Amino acid sequence: GIPFAQTLEETKPADTPAEPKDLTLEQTFGLAESLSPELAARKEAVAAAKGRRVQAGTWANPTLSLGREGLTPSSERDNGGDQAQDVIGLSYPVPLGNPRGAAMARAEEEVRLAEAEWEVARRELRTGVARAFADALFAQEGVALARREQEISQRLHELANTRLTAGDIAEREVVRAEVDIGRASIRVLDVRTAALRLGVTF
């Protein structure tokens, strides 16, 4: 992996622990997706749509009723002539047409739409993360090249001093090597600053 400390300010909660600095691209995708409030909201929308789909496929509950039939006048009940019976009834509504099928079709379409919106948001997030990752990689390589240039300039300066002591070159060659070191140092500072702006740490 490469040092990559993109903080994802728009997606990372304030109390989230700092993530490791050495991440692969796939690990960065996973981190960004886990911290994205938009993806979390899309996922909740998918779950809610699936819940409505299940609800649309259920049948209405039957109705239980209790009653008495065959009630007799009170005078006959006093003489032991009560012929009333307890009655238990169970009714079930039968809807006309096919409203259950229509409701299931609507619910299924809502699920497909919610899943499509989640996938679009996920791809957009990954595109942004991949771009930031590539920028960080480019910045890291730029810093490495600038440091190598600085090291080469320092070696050339040391060599120039040695040759000056031996009388092989003029002093102006040493001064030129010193200027090259200064330019290389400025280059390192510039690329490091640009990399830090991208969130790359060293």
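**Note on two helices and a surface patch**

1. Helix 2 (residues 37–56) has 20 residues, which at 1.5 Å a residue should span 28 Å; its end C-alpha atoms lie 29 Å apart, which agrees. The expected span is 1.5 Å times one less than the number of residues. Helices (H or I, at least four residues) and strands (E, at least two) are DSSP runs, numbered from the N terminus.

2. The model is predicted: local features need pLDDT of at least 70 and side-chain atom pairs count only at pLDDT 80 or more, while totals for chains, interfaces and linings use all residues. Residues are numbered from 1 along each chain as its sequence is written, and side-chain values use heavy atoms, with hydrogens and water left out.

3. In helix 2, the buried residues (under 20% relative accessible area, 1.4 Å probe, protein chains only) are L39, V46, A49 and A56. They cover an arc of only 100° around the axis, which places them on the same side of helix 2; the arc is taken over the directions from the helix axis to the C-beta atoms. The face turned away from this buried side carries E44, A47, V54 and Q55, which are exposed (over 50%; partly exposed lies in between).

4. For helix 5 (residues 171–197), the 27 residues should span 39 Å at 1.5 Å a residue, and the 40 Å between its end C-alpha atoms agrees. Its buried residues are V174, A177, I181, A184, V188, V191 and A195. Just after helix 5, G199 adopts a positive phi of about 90°.

5. L66 lies in strand 3 (residues 63–69) and counts as exposed, at 71% relative accessibility.
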